[in-house]
Amino acid sequence: MTTTNKETLLLVDGMALMFRAFYASAASGYIRRTKAGLPTNAIYGFMRYFWDAVEKFSPSHVACCWDLGSKTFRTEQFAAYKGNRSEAPDDLIPQFAVILEVMDSLGIPNISAPGYEADDCIGTLASIYCQDMNVLVLTGDHDMLQLVNDCTSVIIMKKGHGNYMVYTPDSLMEEKQLLPRQIIDVKALMGDPSDNYPGVRGIGEKTAVKLVQEYHDVEGILANLEELSKGVRTKIETDLDMLHLSRQLATIKCDVELACQIDECRLELNHAQIASKFEELEMKSICAWMGVAVV
């Protein structure tokens, strides 16, 4: 991870943390609720993940990014994009708005943009601020590794609390033998079952990585098709349009119009405001973790 005298901006993938928090506790069959019946397991888990990362990485600034509805420029390009996703569980739906309120109470901006995903908001903010700050991206989504550069590190949450893999250009190369931008080319070839786009049918991760390592990118592969085995070449030629489309779908946009001033992201806690919010949610224990006095 880059360490300099610059201040540090933590960009939180709110969607990834929320779903992880919900399913980690819902799997046991027990859903935490307030006396009024509001489910709060995702809120509670979200705060545990989030605050653990704040304590570990000590950012001076934080912003939290969210999806805004299911229709994006990607669904316009490919109608089936994420079409395999089931509806959010009933117990999760009311918690989404409350997590936004919780982040408001912490003074942390909730960032989203119509027609774009949280990934695109994160990519854009990282692009804007990484020249002047160290940028950390907190997520569970390996697609974000394409954002890694000399001033942006991606923190992948692994199983269990406080267990992270921090990717820099060096650690990404060491683990995967790939440059950040090559993550996109690999996804273009192998597709993404979770996002429901196929890439080149019949090409899996192992072959995709090998091709990208050998020929550098999609253009390099296409320029050397005659060197490939007949089977791989035929698969690529058959699915050429989908290869190019999948590459577009896999690419995080870094030029979204966003209203987010860096001064608004400075992490300065209003203890009374936070205590009031967590008392309302019957979660005084969170105040104790955060060192916030309950009035």
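Begin by selecting strand S2 (residues 61-65) and strand S3, which run parallel and are joined by two bridges; helices (H or I, at least four residues) and strands (E, at least two) are DSSP runs, numbered from the N terminus. Within S3, Ile111 is the bridge partner of Cys65. The model is a predicted one, in which local features need pLDDT of at least 70 and side-chain atom pairs count only at pLDDT 80 or more, while totals for chains, interfaces and linings use all residues. Residues are numbered from 1 along each chain as its sequence is written, and side-chain values use heavy atoms, with hydrogens and water left out.

**The sheet**

Extend the selection to the six strands of the open sheet, whose order is S3-S2-S1-S4-S5-S6 with mixed pairing; two strands pair if DSSP finds at least two bridges between them. Strand S3 (110-111) and strand S6 (164-167) are the edge strands, each with a single partner, so one side of each has no neighbour in the sheet.

Next, add helix H5 (residues 118-129), which lies across strand S1 (8-13), S2, S3, strand S4 (134-139) and strand S5 (152-157). H5 runs at about 170° to S1, where axes are lines fitted to C-alpha atoms, for helices over the stretch in contact, and angles run from 0 to 180 degrees between N-to-C directions. Contact means heavy atoms within 4.5 Å.

**The nonpolar cores**

Select Phe46, Phe50, Leu189, Ile236 and Phe278, which touch the most other members of the largest nonpolar core, a set of 91 residues. Helix H2 (residues 41-57) gives the most to this core, with 10 residues. Such a core is a set of buried Ala, Val, Leu, Ile, Met, Phe, Trp, Tyr and Cys residues joined through side-chain atoms within 4.5 Å. Buried means under 20% relative accessible area, exposed over 50%, and partly exposed in between (1.4 Å probe, protein chains only).

Centre the view on Leu189. Beyond its neighbours within four places in sequence, Leu189 is in contact with Gly199, Val200, Ile203, Ala208, Leu211, Val212, Ile221, Ile236 and Leu243. A second, separate core has eight residues, among them Phe78, Tyr81, Ile184 and Leu249.

**Helix H7**

Now display helix H7 (residues 182-190), where eight of the nine residues are buried. The buried residues of H7 include Gln182, Asp185 and Lys187, as well as Ile184 and Leu189. Among the elements that cover them are helix H6 (169-176), helix H8 (205-215), helix H9 (218-223), helix H10 (230-238) and helix H11 (240-250). Gly191, just after H7, takes a positive phi of about 75°.

Follow the loop between H7 and H8 to Asn196. This residue is not a glycine, yet its phi is positive, near 65°. Asn196 is partly exposed, at 27% relative accessibility.

**The second largest pocket**

Select Ala21, Ala24, Ser25, Ser28, Tyr30, Arg32, Asn41, Tyr44, Gly45, Arg48, Tyr49 and His161 to show the lining of the second largest pocket. Helix H1 (14-26) and H2 are the elements that give two or more residues to this lining, and H2 provides the largest share, five residues.

**Helix H12 and the loop after it**

Finish at Ser276 in helix H12 (residues 271-280), which is partly exposed at 44% relative accessibility. Glu282 lies in the loop between H12 and helix H13 (284-290). Its phi is positive, about 60°, although Glu282 is not a glycine, and its relative accessible area of 33% makes Glu282 partly exposed.

How values were computed
On a 1 Å grid over the protein atoms alone, a cavity is a set of points where a 1.4 Å probe fits but cannot get out, and a pocket is an open set with protein on both sides within 12 Å along at least five of seven lines; lining residues have an atom within 4 Å of a point.
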